[in-house]
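Thanks, everyone; I would like to use my few minutes to walk through one model, starting from a single residue and working outwards. Please have the sequence and the structure open while I talk.

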Amino acid sequence: MSTQPARSLRLAAFFDILPLSIAVIPWGILCGSLAIQVGLSPLQSQLMSLLVFAGAAQLSSLTIVGASGGVATILGSTAVISSRHLLYSATFRNSAIALPLHHKMLMAFLLTDEMFAVTENKRKELGRFPLDYALISGATFYVIWNLSTLAGIVAGTSIPNLESLGLEFAIAATFIAMVVPNIKSSPVLVAVLVSTFCAVLFHKLEVPNDLLLSALIGMVVGYSLDKEAL
């Protein structure tokens, strides 16, 4: 088990998640401006990021609101998009089960793809679950996400057609930055390639829940190959 001074670990949490936080700034700007465009007030738009704090689910919900969709559609879309958090929670379960309730609740609120990625890497490096690291990295991402949303709200009230600037590419860039460093074995590489192929194919075929299905197929293939290799 590796040891690291607490202060050094807290600084590492901030600096490790900083690149990923910066990468999603265009995404946050897009979210804030889109909220204004679909008719939310600046206060409502900011509260959405402060209270919901789920980028992909927020964008999906705003798109549905813009298309006059119902609450059931928003809830269903949010449940599907956020289902990957079940896997994140299952990964952290054994480490978090003995924590006080307020720490569990705070972790659950701050748990994002980015926080999970850096915390899981740090957990493997240290050989133990770093609670302070998880909370600081999550809080750092939360602050930057909300500041970028605020920038989007301001821009959305003054710059028309902000979404035409292609800011949504930040979403893909962020996930690529998280996935690529974790490809350290052939089963993981095959899982990523299979998921990517399925995602493109299912999107072309307009299969419902294409991303979720692609991820599940990739995980099954990667798990099967990993078991055979043991």
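Let me start at Ser-137, which sits in helix 9, the helix that spans residues 131–156; bear in mind throughout that this is a predicted model. Is Ser-137 buried or exposed? Its relative accessibility is 0%, and Ser-137 therefore counts as buried. The side chain of Ser-137 reaches back to the backbone oxygen of Tyr-133, at a distance of 2.9 Å. If we set aside residues up to four places away in sequence, Ser-137 touches Ala-13, Ile-17, Met-115, Val-118 and Thr-119.

Two of those neighbours, Ala-13 and Ile-17, bring us to the packing of helix 1 against helix 9, since both appear among the helix 1 residues that meet helix 9. In general, two packed helices are described by the angle between their axes and the distance between the axes. For helix 1, residues 6–23, and helix 9, the axes come within 8 Å and cross at roughly 40°, and the crossing is right-handed. On the helix 1 side the residues involved include Leu-9, Phe-14, Leu-18 and Ser-21, and on the helix 9 side they include Asp-132, Tyr-133, Ser-137 and Ile-144.

Helix 9 has another partner that I would like to show you, which is helix 3, residues 42–51; here the axes come within 9 Å and cross at roughly 160°. How are helix 3 and helix 9 oriented to each other? With a crossing angle of roughly 160°, and with angles over 145 degrees counted as roughly antiparallel, helix 3 and helix 9 are therefore roughly antiparallel to each other. The crossing of helix 3 and helix 9 is right-handed. In this contact Pro-42, Ser-45, Gln-46, Ser-49 and Leu-50 of helix 3 meet a set of helix 9 residues, among them Tyr-142, Trp-145, Asn-146 and Ile-153.

Now to the aromatic residues, where the count comes to 9 aromatic pairs. One of them joins Phe-14 and Phe-15 in an edge-to-face arrangement, with 5.1 Å from centre to centre and 80° between the planes. Phe-14 itself has a relative accessibility of 32%, and so counts as partly exposed. A further pair is formed by Phe-92 and Phe-116, whose ring centres are 5.2 Å apart and whose planes lie at 45°, so that this pair is classed as tilted. What the latter pair links are distant parts of the chain, with Phe-92 in helix 6, residues 84–96, and Phe-116 in helix 8, residues 113–126, 24 residues apart. Both Phe-92 and Phe-116 are buried. Helix 9 comes back into the picture with an aromatic cluster made up of Phe-53, Phe-109, Phe-141 and Tyr-142, where Phe-141 is among the residues that meet helix 1 and Tyr-142 is among those that meet helix 3.

For contrast, consider Ala-108 in helix 7, residues 101–110, which at 54% relative accessibility counts as exposed. The C-alpha atoms of Ala-108 and Gly-138, 30 residues apart along the chain, are separated by 9.9 Å.

Finally, the chain as a whole: the secondary structure comes to 12 helices and 0 strands. Buried residues make up 37% of the 230 residues. Among contacts with a separation of 6 or more, 73% are between residues 24 or more positions apart.

Note on methods. Residues numbered from 1 in each chain as written. Predicted model: local features only at pLDDT ≥ 70, side-chain atom pairs only at ≥ 80, totals over all residues. Heavy atoms only, no water. Helix = DSSP H or I, 4+ residues; strand = E, 2+ residues; numbered from the N terminus. Buried < 20%, exposed > 50% of the residue type's maximum accessible area, 1.4 Å probe, protein only. Polar contact = N/O pair within 3.5 Å; in protein donor to acceptor, adjacent residues only side chain to side chain. Contact = heavy atoms within 4.5 Å. Phe/Tyr/Trp six-rings, centres within 6.5 Å; stacked < 30°, edge-to-face > 60°. Axes fitted to C-alpha atoms, helices over the stretch in contact; angles between N-to-C directions. Parallel < 35°, antiparallel > 145°, perpendicular 65-115°, else oblique. Left-handed = near helix turned anticlockwise from the far one by under 90°.
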